[in-house]
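Hi everyone, thanks for coming. Today I would like to walk you through some side chains and what sits around them. Please have the structure open while I talk.

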Amino acid sequence: MQKTSASTWTWFLIPSIIGVFLFMIPIKYNDEWVVSIAILANWLAGIVTPFITWVAVAVLLIAAAGSVIMLFAPKKDSSERGFWENLFGVTPFWTVVRIIGAIFAVMTAFRLGPEMIWSGGTGGLLLDPAEGLVTFLFTIFVFAGLLLPLLMNFGLLEFFGTMMVKIMRPLFKLPGRSSIDALASWVGDGTIGVLLTDKQYREGHYTKKEASIIATTFSVVSITFSIVIIGTVDMSAYFLPFYGTVILTGLVLALIMPRIYPLSRKKQEYADGRPFTGEEEKVPAGYNAFTHGVENALNKAYANRDIGKMFKDGLKNVLDMWFGVIPVVMAFGTIALIVAEYTSFFHIIGKPFEPYLALLQIPEAADAAPLMIVGFADMFLPSILAAGTITSEVTLFTVAVVSVVQLIYMSEVGGLILGSKIPVNFFELFVIFLLRTLIALPIVALIAHMLF
């Protein structure tokens, strides 16, 4: 049976093209440029809005209850564990996180207990049926889980992985296939990038170091969300220089971050403990990068011709995302937003940024300093707070750009990373957030002074 037959080429090209269109090609919809997967998620969200809050609460309660039961169930060898045992069989720490997520969800849905937990700026922001992150994740996970195999299972990553390795490896210390993750994040959404990276890591395509670098360096917010950010500070006329600065700063950070702590300390070994040897990326004799990439892609497509299995695996992906990720986002996101809304913690730890901003000649440095740190809770907060307190265009532009390139925020990307298998902990995320801020500020400040 020929793996290079016309039918195999069809299995490679058609699903891959559909996947690229759905996840990576922005189209104009309702006067906005969005990727198709986001349109599908918003369409489904419109249908389920009346009852999505209760579905979310139910899933969070099931996740907590299932994890508690599995905590006391007889332990099995990892090779004997089935899908449901893996889904609910988490460590005691993550069981507690799932319980906290469920408690916050119930309190928010029924408005029980202290208002700081369920208010519109904390739990209510996450669980809002129309625009809440948790409810949006339910719908995006449906399509991401079911349709990500179009990008992953039919050879696209194998083809680009071979073609792009000579660029991605020396520049970013990453395999070539990570270029697809990066692009999916950049034009699609950071959540899609994290999900794709987590899946690739668990399947043994990325090492611990590579998965950590990709998730914390390339999972940027979408172009659409960037438009919202610059509009929030009333500077939409400057979108092109704003987004150009985001790209430039993002690339500089992508060059630096993998080479310093904590990412530089991550092990170059796969999830199962296998060491990275470099042999995985060598082009065999008689091939060039293109022909080897085509052969790898066709072999992958040939091995994944069962559409039924694809959707079965996709459904498992959906459940894994629902029960594994959403409780973490609800728990950590609510806590981070409570700290931001009801305490002076971010103002206090933001104080050291005041002399740094003054050194960079950023006007209103005292007001801007806390905004450099509050984005760790939610990326929207710096721009929202700046719009009401800051008048300098230089400062508004700086706050807007930095809030995007900081990348790590607990109400979405940070929570998703913690809920995934990607080996980055909370402390490391905070360190990465701080380093990205410190490195980005001089670049952004220089461009801001040139513009205004």
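Let's begin with F159. This phenylalanine has a relative accessibility of 16%, so F159 counts as buried. Please keep in mind that we are looking at a predicted model.

Now, what about F290? At 46% relative accessibility, F290 counts as partly exposed. I picked these two residues for a reason, and here it is. The ring centres of F159 and F290 are 5.8 Å apart and the ring planes are at 80 degrees; planes over 60 degrees apart count as edge-to-face, so that is what we call this pair. Where do the two partners sit? F159 belongs to helix α9, residues 156-172, while F290 belongs to helix α15, residues 289-303, so the pair ties together parts that are 131 residues apart in sequence.

Let's step back for a moment. How many aromatic pairs does the structure hold? There are 22 aromatic pairs. Another one to look at joins W54 and F110: the centres of their rings are 5.2 Å apart and the planes are at 55 degrees, so this pair is tilted. W54 is in helix α3, residues 52-72, and F110 is in helix α5, residues 92-110, so here the pair ties together parts 56 residues apart in sequence. Are these two buried or exposed? W54 is partly exposed, with a relative accessible area of 43%, and F110 is partly exposed as well, at 48%.

While you have F110 on screen, try finding N299. They are 189 residues apart in sequence, and their C-alpha atoms are 52 Å apart in space.

Aromatic rings can also gather in a group. In this model, F93, W94, F332, F376, F426, F430 and F433 form one aromatic cluster.

Next, rings with a charge over them. Which residue lies over the face of Y270? That is R274, at 4.3 Å from the ring centre. Then look at Y302: the charged end of R305 sits over its ring, 4.1 Å from the centre.

My last stop is T437. You will find T437 in helix α25, which covers residues 426-451. Its relative accessibility is 0%, and buried means under 20%, so T437 counts as buried. What surrounds T437? Apart from neighbours within four places in sequence, T437 is in contact with F353, M372, V402 and Q406.

That's my tour. Thanks for listening, and do ask me anything!

Key
Residues are numbered from 1 along each chain as its sequence is written. This is a predicted model: local features need pLDDT of at least 70, side-chain atom pairs count only at pLDDT 80 or more; totals for chains, interfaces and linings use all residues. Side-chain values use heavy atoms; hydrogens and water are left out. Rings of Phe, Tyr and Trp (its six-membered ring) pair if their centres lie within 6.5 Å; planes under 30 degrees apart count as stacked, over 60 as edge-to-face and the rest as tilted. Helices (H or I, at least four residues) and strands (E, at least two) are DSSP runs, numbered from the N terminus. Buried means under 20% relative accessible area, exposed over 50%, partly exposed in between (1.4 Å probe, protein chains only). A charge sits over a ring if NZ of Lys or CZ of Arg is within 6 Å of the ring centre and within 35 degrees of the ring normal. Contact means heavy atoms within 4.5 Å.
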